[in-house]
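Got the viewer open? Here is a short walk through the model, one selection after another.

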Amino acid sequence: MQTIHKKPLIYNSDIKETTNLTLLQQKPQETYIQQTCKIIFERIALQNRERFNMDFLQIDNGGSQTKGGKFRKKAEGTIKGASDVQLWISCKKTKKVMIILCEFKRIGTPSQIDIKTEQVEFQKRWEMFYGCKCIFTNNPLYFEWFVCEILKTFECE
């Protein structure tokens, strides 16, 4: 069994089996998971402020709206399948930039976690053409582990 901090997507059963306070206190809705991950990212950025500039950029990709609202969002440039968040990391010394795209999901049963084809295609396109790292997650522990691993391997010298 994979340790919980290395599982990008977790389910209700994982929460029931864990003793980790971060996960036990986690509400299952996507918005709360994203907010928790933002707090984690800000802490990591503060700890690494000597080497990196780091920004957590939430993308307003529309969510649930009326038909007119969706039309307006498309006219404004919203792309169907765009990831929820872009994490921008730049090396202060070299100005080299890394972008991580993160699509957040709710915690639930496997059938409740809906990864859409457009979301997968969007992330694949950004990985291929722009060299971004991309993740789907609902696990704040995985999010923290993933970002820390990126910082360890980010060639910045």
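## Start at Met-54

Select Met-54 and hide its neighbours within four places in sequence: what remains in contact (heavy atoms within 4.5 Å) is Phe-41, Ile-44, Ala-45, Asn-48, Trp-88, Ile-89, Val-147 and Leu-151. This is a predicted model, where local features need pLDDT of at least 70, side-chain atom pairs count only at pLDDT 80 or more, and totals for chains, interfaces and linings use all residues. Numbering runs from 1 along each chain as its sequence is written, and side-chain values use heavy atoms, leaving out hydrogens and water.

Next, bring up the largest nonpolar core (buried Ala, Val, Leu, Ile, Met, Phe, Trp, Tyr and Cys residues joined through side-chain atoms within 4.5 Å; buried is under 20% relative accessible area with a 1.4 Å probe, protein chains only). It has 31 residues, and Met-54 is among those with the most contacts inside it, as are Phe-41 and Phe-143. Helix H6 (140–153; helices are DSSP runs of H or I, at least four residues, and strands of E, at least two, numbered from the N terminus) is one of the elements supplying at least two residues; H6 gives the most, 7.

Stay on H6: its buried residues include Phe-146, Val-147, Ile-150 and Leu-151. At its N-terminal end, look for the Asn-139 cap, with a side-chain oxygen 2.9 Å from the backbone nitrogen of Leu-141.

Now step back to strand S4 (residues 133–137), where 4 of 5 residues are buried. Finish by selecting S3, helix H5 (residues 117–130) and S4 together: they make a right-handed β-α-β unit (with the strands pointing away from you, the path from the first strand over the helix to the second runs clockwise).

Technical notes. Buried < 20%, exposed > 50% of the residue type's maximum accessible area, 1.4 Å probe, protein only. Polar contact = N/O pair within 3.5 Å; in protein donor to acceptor, adjacent residues only side chain to side chain.
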